[in-house]
Amino acid sequence: MKPFARAFITGASSGLGREIALQLASEGTEVVLTARREGLLRELAEDIEAAGGRARVEVLDVADSDRVIEVVREWDERVGGFDLVLANAGVGAAAHVSELKWNDIERVLSVNVRGALATLYAATGPMLKRGTGTLAGMSSLASMRGMPTSGAYSASKAALSTYLETLRVDVRRSGVKVVDIRPGYVHTPMTAGADRPLPFVIDAQDAARRSVRGLKRGQAVVAYPRRVAWMTRAMTLLPSAVWDRVAERMVRK
Ligand SMILES: NC(=O)c1ccc[n+]([C@@H]2O[C@H](COP(=O)([O-])OP(=O)(O)OC[C@H]3O[C@@H](n4cnc5c(N)ncnc54)[C@H](OP(=O)(O)O)[C@@H]3O)[C@@H](O)[C@H]2O)c1
């Protein structure tokens, strides 16, 4: 499988985005690292360059979708065209609906949906013109059913996966590939404060390896760990009355 030449990654300052950037860079990919925390991005770029790789840094808040579109297009021209753009930045908001603040819902939608779709939208035109490239989004297995106490998060990932599915069909004959990555639980700062066990959790390096393999294959959907992905697929077949009882048990203390 051929490595990517030039990749743009949002949410590269920590967790999955950081690990994916490290793995891509170790294979020779020039990576453009973006997120809000500049210090972490610069440290990562230094680590990559110290190991002989190439990395550039751009501070970017994906909630500002106009800026996202400008930044993706500017960098695409500067580096000579991305062959991978990964909309990875994401936030969670796990709380019972009675405790959820509207601001939390808005933040999830503006980062996970508007930010991700703006990233993909900006990269689509240039890739279509070149007739090559991979557009990818970091969704989640939580996109497949409304997870209890994670309504905004599940809804945001369902929106992203649905967008990616349409995009895949729209660009089907163009030479551009679309990859929807759907991890289960991964040990990252996002899950570090979880107040309940995380079944079948895997580490971020392992998740990055599975993601990079799926990206290089141009796989339509990269869902892992495999066993959990199958269980989640099976759960989509449950009638609502059964699902409601199963879901309720997932969060009962
Ligand atoms: N961990 C899991 O179990 C799991 C499972 C399935 C899917 N995912 C998805 O994987 C992706 C990465 O999450 P993670 O687990 O690696 O969590 P993480 O370590 O908290 O990383 C989240 C990344 O998103 C960036 N980000 C957040 N808000 C942003 C904004 N407004 N603008 C730009 N960047 C922003 C953060 O950077 P800054 O704070 O520096 O901006 C950080 O780099 C997310 O889309 C998440 O939904 C995670």
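Which residues on the other side of H3 are exposed? This tour of a predicted model begins with that helix and then moves to other places along the chain.

**Stop 1: helix H3**

Select residues 65-79, the 15 residues of helix H3. From the first C-alpha to the last, H3 reaches 21 Å, close to the 21 Å expected at 1.5 Å a residue. Next, colour Val-68, Val-71, Val-72, Trp-75 and Asp-76, the buried residues of H3. Seen down the helix axis, these buried residues fall within an arc of 130°, so they line one face of H3. An α-helix has 3.6 residues a turn, so residues three or four places apart point the same way. Now turn to the other side of H3, where the exposed residues are Asp-66, Glu-74, Glu-77 and Arg-78.

To find what the buried residues of H3 pack against, display strand S1 (6-10), strand S2 (30-35), strand S3 (54-59) and strand S4 (84-87), together with helix H4 (102-130). Before leaving H3, select Gly-80, just after the helix, where phi is positive at about 90°.

**Stop 2: where H3 meets H4**

Show H3 and H4 together. The two helices pack at an angle of about 35°, and their axes are 9 Å apart. H3 passes H4 in a right-handed crossing. On the H3 side, the contact is made by Ser-65, Val-68, Ile-69, Val-72, Arg-73 and Asp-76. On the H4 side, select Arg-114, Gly-115, Ala-118, Thr-119, Tyr-121, Ala-122, Ala-123 and Pro-126. Sorted by class, this contact of H3 with H4 has eight nonpolar, three polar and three charged residues.

**Stop 3: Leu-117**

Remain on helix H4 and select Leu-117. Is Leu-117 buried or exposed? Leu-117 has 20 other C-beta atoms within 10 Å and is therefore buried. Add Ala-87, which is 30 residues from Leu-117 along the chain; the C-alpha atoms of the two are separated by 7.9 Å.

**Stop 4: Thr-188**

Go next to the loop between strand S7 (186-187) and helix H6 (189-192), where Thr-188 is placed. Thr-188 counts as partly exposed because it has 18 C-beta neighbours inside 10 Å. Which residues does Thr-188 touch, if those up to four places away in sequence are not counted? They are Ser-14, Gly-15, Leu-16 and Ala-204. Then bring Gly-218 into view: Thr-188 and Gly-218 are 30 residues apart in sequence, and their C-alpha atoms are 25 Å apart in space.

**Stop 5: backbone details in three loops**

Most residues other than glycine have a negative phi, and most peptide bonds are trans. The remaining selections concern these two features of the backbone.

Select Thr-149, in the loop between strand S5 (133-138) and helix H5 (151-170). Although not a glycine, Thr-149 has a positive phi of about 60°. With 18 C-beta neighbours inside 10 Å, Thr-149 counts as partly exposed.

Continue to Phe-200, found in the loop between H6 and strand S8 (202-203). Phe-200 is not a glycine either, and its phi is positive at about 60°. Phe-200 has 13 other C-beta atoms within 10 Å, so it is partly exposed.

Finish at Pro-225, in the loop between strand S9 (221-224) and helix H8 (226-235). Inspect the peptide bond from Tyr-224 to Pro-225, which is cis, with omega near -10°.

Key: Residues are numbered from 1 along each chain as its sequence is written. This is a predicted model: local features need pLDDT of at least 70, side-chain atom pairs count only at pLDDT 80 or more; totals for chains, interfaces and linings use all residues. Helices (H or I, at least four residues) and strands (E, at least two) are DSSP runs, numbered from the N terminus. The expected span of a helix is 1.5 Å times one less than its number of residues. A residue is buried if 20 or more other C-beta atoms lie within 10 Å of its own, exposed if 12 or fewer, and partly exposed in between; C-beta atoms are placed from the backbone. The arc is that of the directions from the helix axis to the C-beta atoms. Two residues are in contact if their C-beta atoms, placed from the backbone, lie within 7 Å. Axes are lines fitted to C-alpha atoms, for helices over the stretch in contact, and angles run from 0 to 180 degrees between N-to-C directions. A crossing is left-handed if the near helix is turned anticlockwise from the far one by less than a right angle, and right-handed if clockwise. Ala, Val, Leu, Ile, Met, Phe, Trp, Tyr, Cys and Pro count as nonpolar, Asp, Glu, Lys and Arg as charged, and the others, Gly among them, as polar.
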